[in-house]
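Visitor: I have just opened this structure and would welcome a tour. Could you take me through it step by step?

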Amino acid sequence: MISRIRRPQRTPNSRLRWLPLGLTVASLVVISPCLAATPAGWPAFQGPQGSGAAAAEFAELDNQSIAWQVDLPGRGLSTPVVSGDRVFVTCSSGPEQDRLHVVCLDAATGSRLWQRQLWATGRTMCHAKTSVAAPTPCTDGERVYVLFSSNDLACFDRDGQLLWLRGITADYPNVSNSLGMSSSLVVTAGVVVAQVENDSESYALGIDAATGLNRWRLERPKAANWTSPAVLAEGLVGLQSKTGVDAVRAADGSLAWQYAGGASTIPSSCRLGELLFVPSHGLTALALTDLESGTPKQLWRSSRLSPGTPSPVAAGETVFTISRGDVLTAGSVADGERRWQLRLKGPFSATPVVLGDRLLAVNETGLVQLIRFDDKQAEVTATLDLEDQILASPAVAAGGVFLRSNSRLWKLVGSSP
């Protein structure tokens, strides 16, 4: 079933204005006051632990690995998120990318459980390579929170009922980024955190997950920034920008600590337990201990582990990056020493995922590469060409890997060794 929100009315003073279901832009629909704990599955961009890794085995990859594939109603760069038996994915369509879609599928079969369509209220201008559906949603198990490059933010329950809706551009009209926004959402301790950083009106928001109202708003560095927040601990979120990383308390937006060494504005930080790997001066490892004591301890810094567009991922004793030259590099978590390198077939936009002793990476042409590794070496053991542009990072849950392209969503399964 497809449910639509009323189409916006055009006026001389605004390209898109609209009143969803008879409400004002600032109006909110509140259904349930309670929130579940962060679920298993793949609830956000870098997975349940923020590391880009999953406790799963994926030994083989071929055409028999495709459990199902379904057509999507539009393009997108957002990673699918998975909660229990449901997969949620966002898309945008139309000549101006002003049709915003949220689709829920059964994780086992790929059957469509529900689809909702919204109309963009903010700017839909973006680079031809990207999409208005670039930010990855997040879920807390009870609700799914979706954000689009047009700065439209919505909350649905698992059954597709709209709980609240915000056109953030109506509140902060000077937000602009000619290439498009892509920072993804996180939710922790009942607060949804969104980074809306750009060259004009740059800020971060802490939004009450139950009501959709602001708990806080922080001024942020004025510069285009495509990185995503990282949950550092329950109720603590890292905001990465050109100046470094600010750790803020989700409850009130207050600053807990700051790393001021500068950082990339494209690949995002990756957390592995009490370590944070920041794309800064190559790659910098910070210890997430004594979080209230000020500047975190820098453990090491390595120019050999510098990531390109994909974010770093980590598992066990190893952190992985893919460089601008399509070279996969493994480094020691303990000291940053390079363990091995392997040239892959690129180019890459999607962040890879770690599956036990395998790493799965998909390039922009849709070539999925399965890499087996140990401490000393790595090799590509299998490939699968999905023959469509893939810029979105994979999700791992419900017994498989979920991959979305410009037109489709796939579930891949790998047999046990």
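**A guided look around**

Guide: Gladly! Let us begin at the second largest pocket, in what is a predicted model. This pocket has a lining of 28 residues, and those nearest its centre are Ala44, Gly47, Pro48, Val186 and Val231.

Visitor: Which strands each supply at least two residues of the lining of the second largest pocket?

Guide: The pocket in question holds about 390 Å³ of space. Its lining divides into 14 nonpolar, eleven polar and three charged residues. The strands that each give at least two residues to this lining are S10 (138-139), S14 (186-188), S18 (230-233) and S22 (270-272).

Visitor: And the largest pocket: which residues are the closest to its centre?

Guide: The largest pocket encloses about 680 Å³. By class, its lining is made up of 13 nonpolar, 15 polar and two charged residues. There are 30 lining residues, and the closest to the centre are Leu77, Ser182, Trp226, Ile266 and Thr309.

Visitor: Stepping back, how many helices and strands does the protein have?

Guide: The chain has 417 residues, of which 61% count as buried. Among contacts between residues at least 6 apart in sequence, 54% join residues at least 24 apart. As for secondary structure, the count is one helix and 36 strands.

Visitor: Which are the edge strands of the open sheet that contains S30 and S31?

Guide: Five strands make up this open sheet, in the order S4-S30-S31-S32-S33, with mixed pairing. An edge strand pairs on one side only, and here the edge strands are S4 (53-54) and S33 (378-385).

Visitor: Inside that sheet, which residue of S31 stands opposite Leu355?

Guide: Strand S30 covers residues 353-355 and strand S31 covers residues 358-362. The two pair in the antiparallel sense over three bridges. The residue in S31 opposite Leu355 is Arg358.

Visitor: Is the peptide bond from Gly346 to Pro347 cis or trans?

Guide: Pro347 sits in the loop between strand S29 (338-343) and S30. Omega for the bond from Gly346 to Pro347 is near 0 degrees, and the bond is cis.

Visitor: Does Gln97 count as buried or exposed?

Guide: Look for Gln97 in the loop between strand S7 (86-93) and strand S8 (99-106). Although not a glycine, Gln97 has a positive phi of about 55 degrees. Buried means under 20% relative accessible area. Gln97 has a relative accessibility of 18%, so this residue counts as buried.

Visitor: What is the phi of Asp326?

Guide: Asp326 lies in the loop between strand S27 (318-322) and strand S28 (327-332). With a relative accessible area of 17%, Asp326 is buried. Its phi is positive in a residue other than glycine, with a value near 65 degrees.

Visitor: Why does Gly294 count as partly exposed?

Guide: You will find Gly294 in the loop between strand S24 (283-287) and strand S25 (297-302). Partly exposed covers the range between the buried limit, under 20%, and the exposed limit, over 50%. Gly294 counts as partly exposed because its relative accessibility is 23%.

Visitor: Which residues does Gly294 touch, not counting those up to four places away in sequence?

Guide: Gly294 and Leu255 are 39 residues apart in sequence, and their C-alpha atoms are 9.5 Å apart in space. Leaving out residues up to four places away in sequence, the residues that Gly294 touches are Trp257 and Gln258.

Terms used. Residues are numbered from 1 along each chain as its sequence is written. This is a predicted model: local features need pLDDT of at least 70, side-chain atom pairs count only at pLDDT 80 or more; totals for chains, interfaces and linings use all residues. Side-chain values use heavy atoms; hydrogens and water are left out. Helices (H or I, at least four residues) and strands (E, at least two) are DSSP runs, numbered from the N terminus. Buried means under 20% relative accessible area, exposed over 50%, partly exposed in between (1.4 Å probe, protein chains only). Contact means heavy atoms within 4.5 Å. On a 1 Å grid over the protein atoms alone, a cavity is a set of points where a 1.4 Å probe fits but cannot get out, and a pocket is an open set with protein on both sides within 12 Å along at least five of seven lines; lining residues have an atom within 4 Å of a point. Grid points are joined across faces, edges and corners, and a volume is the space filled by probe spheres set on the points. Ala, Val, Leu, Ile, Met, Phe, Trp, Tyr, Cys and Pro count as nonpolar, Asp, Glu, Lys and Arg as charged, and the others, Gly among them, as polar. Two strands pair if DSSP finds at least two bridges between them.
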